[in-house]
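Biologist: I would like to learn how to read a model of this kind feature by feature, beginning with the backbone and ending with the contacts between chains. Could we take the general idea first each time, and then the case at hand?

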Amino acid sequence: MFQSIVSYGLAVGAVYALIGITYNVMYSASRVFSFTAGMLGMLGGVLGALFIHKWGMNAVLGFVLVLGCGALMGLVTEILTVRPVLKSIEQHLYVLSTLAFALMIQQVTAIEWGTEAQPFPVLIPIETGTVSAWLDQKFLLPLLACAVTIAGLEYLYRRTLIGRAFLAIAEDSYAARALGLPETRLRLASYAIAGIIGTLAGFTGAQMLLAYFGNQAILSFYGFVPVALGGMGSNRGAVIGGLALGLFQQAANFLVGGIFAAVAVFAVFIVVLLIRPEGLAGAATARRV
Amino acid sequence: MTDTAAPISQPKAPAGWLGRLEGSAWWIVLGLAGLLLPLLEDSYIGVIAQRAYIYWVLSAGLNLVVGYAGQIAIGWVSMLTLGAYTTAALAAGRVGPEWHPFLALAAGGVMGAVAGVVVGLPALRLRTFYFAMTTLGFSTIVTQVALAWKDVTGGGVGTPGPVFPWPFDPGWGFYYFCFFLAALATWMTANIGASRYGRALVAIRDAEVAAEASGVSKARLLILVFMLAGALGGVAGGLFASLQSYITPDAFTFEMSVLFFIAILIGGRGSILGPALATIILTALPEFAAPLVQWSTFLYATLLLVIVLVIPGGIADLLDFRNRRPLEKHREIVTRPELLARVLDRHSEKNTLSMTGIELHFGGVRAIDGLDLEVRSGEVHGLIGPNGSGKTTALNVLSGYYKPHAGEARLNGAVLPFLEAHTRADRRIARTFQTPRIVGGASVLDNVMIGGTIFGQATFSETLLSLPRHRRDEAHLREAALLALATVGLEQLAAVRADRLQHSELRFMEIARALMLRPAFLMLDEPAAGLSAEEIRRLGALIVAISRSGTGVLLIEHHADLIFDICDRVTVLNLGKKLAAGTPAEIRSHREVVSAYLGA
């Protein structure tokens, strides 16, 4: 039992963390929380199963193609649902526009792919699980994806010029524009990166979560919890929060049952936010009159 | 249904923003159609109509949350789920003995009210997206619990819905039951919408700081509204369970929330009739276009995206012909200070509002660095200084938006607590804003009436039922607001949407709103900015008249002429410090002031 709490909990937590990072990457570039993060996760699983399982595509090719679709989705999200409402960001219309877009994609998926959860192919054709339950690929892959993403983003943000430009936009987009940074193109790039990370989360987690259109709502919420708890824009917070959430959820599932696990997560979420609206690691922002 | 129409057709301002679409004619047509529908003897249409009524019972409440208060509650289907399962489980005896269906339905409403508050609490502190996410998360979790809690909900297999006894038995009896509850929900929410509570909700949505300055307690009001919206959602759920006759978690998809939500957006924010019509149309539409059923949610979502991107104001805005009529081009603001005696209480008592040793810094910037200031009844106190010298910040400290790091404020010797901006109105401290904070979509009259919020006597439930005290409140507020508007010279524009006014008119409108408080102290933040010379002269006379009737005025201004003409005393700020204080004559000849600010 302990083994399955820890391995399943950490793996699911890694998926949540990646979705959280997806939220963050989009937020940093545009100050917009986009409901498309859960949709990307859902698509990662469904498209992966479609390409590899249904169409018999090579796993590596399918993987690359899924990420490509994710990047494309990110671009469409930015152009269609974010850019038009950025001018009046204080009206929060982006909440509705991104939600509407996410629901449209979800509905198309439900109709074309079906509303039943369908299996996701085993990616690496070795029975790793036989060696030790700890080494099962369906648990290892999300964790690996999470580690690679974090390392990649750290490298991008800290070591490359374009990454620093991303940070500059996130810090102060007016000043960044004044410096001559191409804000729009950087924002587009950020959304493409977010699309890749979101589908990566769904793809690597799909052996666990299956290829299921309903994962969208679940990932939207559970992926947001670590962001809210860890402080928005903080990827470190999202990873810690995501892993903790996964472990907590699994432990509660085993110890007190599914009903109370769900209620407990929600209760913790509400209580923490009421006590510290800026998240456990975030800083309070001054109000402006 | 005539009941439903009554509160809306009351004599009210010629064109309140509520009244723009909602002539009673529409309601009478809808009511008659509803009453006579059973004559068609078509049970299929009957079922569709019942579903529309049930959805509207929920949406009517949600309309106050989304359309009026502007809270993005996207997962309100959870209230429907909770109400349905509570009613069904209690009526079927899955928890203890079998309840009478009506009692079970009431319990569903109570459950919804409790859940409404639980979900609503985060809205008091959290930013928009967080709240949207909370409601979404809540609806996800309610469905998960419904699936997992097999003893009570029957899990995926489901549970039978309640059957109401004669005369509300399934069929046309139940039809009339749903119709009656929908009409009741309409009537009650229309009462709230057209009351000071409704205006305060819209003010929270569009001009939160102004709402606080007018004494609106956001937390209390939102909790009440969430409770009402939850209760209506719960009742709708109980009815829904009965209509479905058998409920499973699948019946409560998140997509239903989208239907409720876009009905409100399409109908227009701050309207009751628009969302009601939209709910009926959206419920019926897929039924008459069979191939669309599968794609209905997709179409709803597309519609939502189109509305947000193309017409964020909803259809009500498109149909708002009255406010397209051109206004008179060359309008003149003719103030009538002689009316002030009727607008303000004559204060014979002497009040003082003071700050001592205030220090406030934002990060490394010392915005205020040890400021002393005293404003007394009956005098105009000018606060001047270069940009960034801390004038507005000082005003924000006094009116409770900032908490200084040191120092204290006192009103008549009693300590004035910092923050808690909404308590300033009770102390009769009113203010205007450097950038007018207004509800653009509401009429000028409604905007001004917001200022009198604290004088309302009727409780929320009295307003809900339109009891006499509520109607008296409204009459008094309207009268006072018209008088205040006449005083500042805007009575001709009372019925016009506020966002059509010129900038200078908005400044006078804010003063009228502040006067509604019958203030002991009035704080004006650059009221002359953007005014013509003639308007400034009239403004000056008005301010003097206000102070002579006993109100203490704190005036922040850059127009030196105005300051030296009308102020009794002047304080000059520079870099957060007091540079000088005294009579206008003393200040004018103060060497440092002249060199730092006035110029030679």
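Biologist: In which loop of chain B does Arg428(B) lie?

Modeller: Please keep in mind that this is a predicted model. Arg428(B) belongs to the loop that runs between strand 7 (414-415) and strand 8 (429-431) of chain B.

Biologist: What is the sign of phi at Arg428(B), and how should I read such a value?

Modeller: The general idea is that most residues other than glycine have a negative phi, and most peptide bonds are trans. Arg428(B), although not a glycine, has a positive phi of about 65°, and with 19 C-beta neighbours inside 10 Å it counts as partly exposed. Glu41(B) is another non-glycine residue with a positive phi, near 55°, and it sits in the loop between helix 2 (24-36) and helix 3 (43-68) of chain B. Glu41(B) has 9 C-beta neighbours inside 10 Å and therefore counts as exposed, since the cut-off for that class is 12 or fewer.

Biologist: Which two residues of chain B does a cis peptide bond join?

Modeller: The cis bond joins Trp166(B) and Pro167(B), with omega at about 10°. Pro167(B) is found in the loop between strand 1 (159-160) and helix 8 (172-193) of chain B.

Biologist: Turning to helices, what span should helix 12 of chain B have, and how far apart are its end C-alpha atoms?

Modeller: The idea is to count 1.5 Å a residue, so the 14 residues of helix 12 (residues 254-267) of chain B should span 20 Å, and the end C-alpha atoms are indeed 20 Å apart, which agrees. Because 13 of its 14 residues are buried, helix 12 of chain B is largely enclosed by the rest of the structure. Just after helix 12 of chain B comes Gly268(B), which takes a positive phi of about 110°.

Biologist: In what order do the six strands of the open sheet in chain B lie?

Modeller: In general, strands of a sheet pair through backbone hydrogen bonds, either parallel or antiparallel. Here the order is 8-9-10-5-11-12 in chain B, and the pairing is mixed. Strand 8 and strand 12 (577-582) of chain B stand at the edges with a single partner strand each, so one side of each has no neighbour in the sheet. From one strand to the next, the twist averages 15°.

Biologist: How many bridges join strand 8 to strand 9 of chain B, and what packs on the sheet?

Modeller: Three bridges join strand 8 of chain B to strand 9 (residues 521-525) of chain B, and the two run parallel; within this pair, Ile429(B) stands opposite Phe521(B) of strand 9. Helix 22 (residues 533-548) of chain B packs on the sheet, where it touches strand 5 (380-384), strand 9 and strand 10 (552-556) of chain B, and its direction makes about 150° with that of strand 10 of chain B. Helix 25 (residues 591-598) of chain B lies across strand 11 (569-574) and strand 12 of chain B, running at about 120° to strand 12 of chain B.

Biologist: Into which domains is chain B divided, and which helix gives the most to the side of domain 1 that touches domain 2?

Modeller: The assignment divides chain B into domain 1 (25-33 + 41-322) and domain 2 (441-517), whose centres, taken over C-alpha atoms, are separated by 30 Å. In the contact between them, 16 residues of domain 1 of chain B meet 17 residues of domain 2 of chain B. Helix 9 of chain B gives the most to the domain 1 side, with six residues. By class, that side has nine nonpolar, five polar and two charged residues.

Biologist: How many residues of chain A are in contact with chain B?

Modeller: Here one counts the residues on either side, and 35 residues of chain A are in contact with 37 residues of chain B. Helix 4 (93-113), helix 9 (215-230) and helix 11 (258-275) of chain A each give two or more residues to the chain A side, and helix 4 of chain A gives the most, with twelve residues. By class, this side of chain A has 29 nonpolar, five polar and one charged residues.

Technical notes: Residues are numbered from 1 along each chain as its sequence is written. Chains are lettered from A and ligands numbered from 1 in the order in which they are written. This is a predicted model: local features need pLDDT of at least 70, side-chain atom pairs count only at pLDDT 80 or more; totals for chains, interfaces and linings use all residues. Helices (H or I, at least four residues) and strands (E, at least two) are DSSP runs, numbered from the N terminus. The expected span of a helix is 1.5 Å times one less than its number of residues. A residue is buried if 20 or more other C-beta atoms lie within 10 Å of its own, exposed if 12 or fewer, and partly exposed in between; C-beta atoms are placed from the backbone. Two residues are in contact if their C-beta atoms, placed from the backbone, lie within 7 Å. Ala, Val, Leu, Ile, Met, Phe, Trp, Tyr, Cys and Pro count as nonpolar, Asp, Glu, Lys and Arg as charged, and the others, Gly among them, as polar. Two strands pair if DSSP finds at least two bridges between them. Axes are lines fitted to C-alpha atoms, for helices over the stretch in contact, and angles run from 0 to 180 degrees between N-to-C directions. Domain bounds come from an automatic or database domain assignment.
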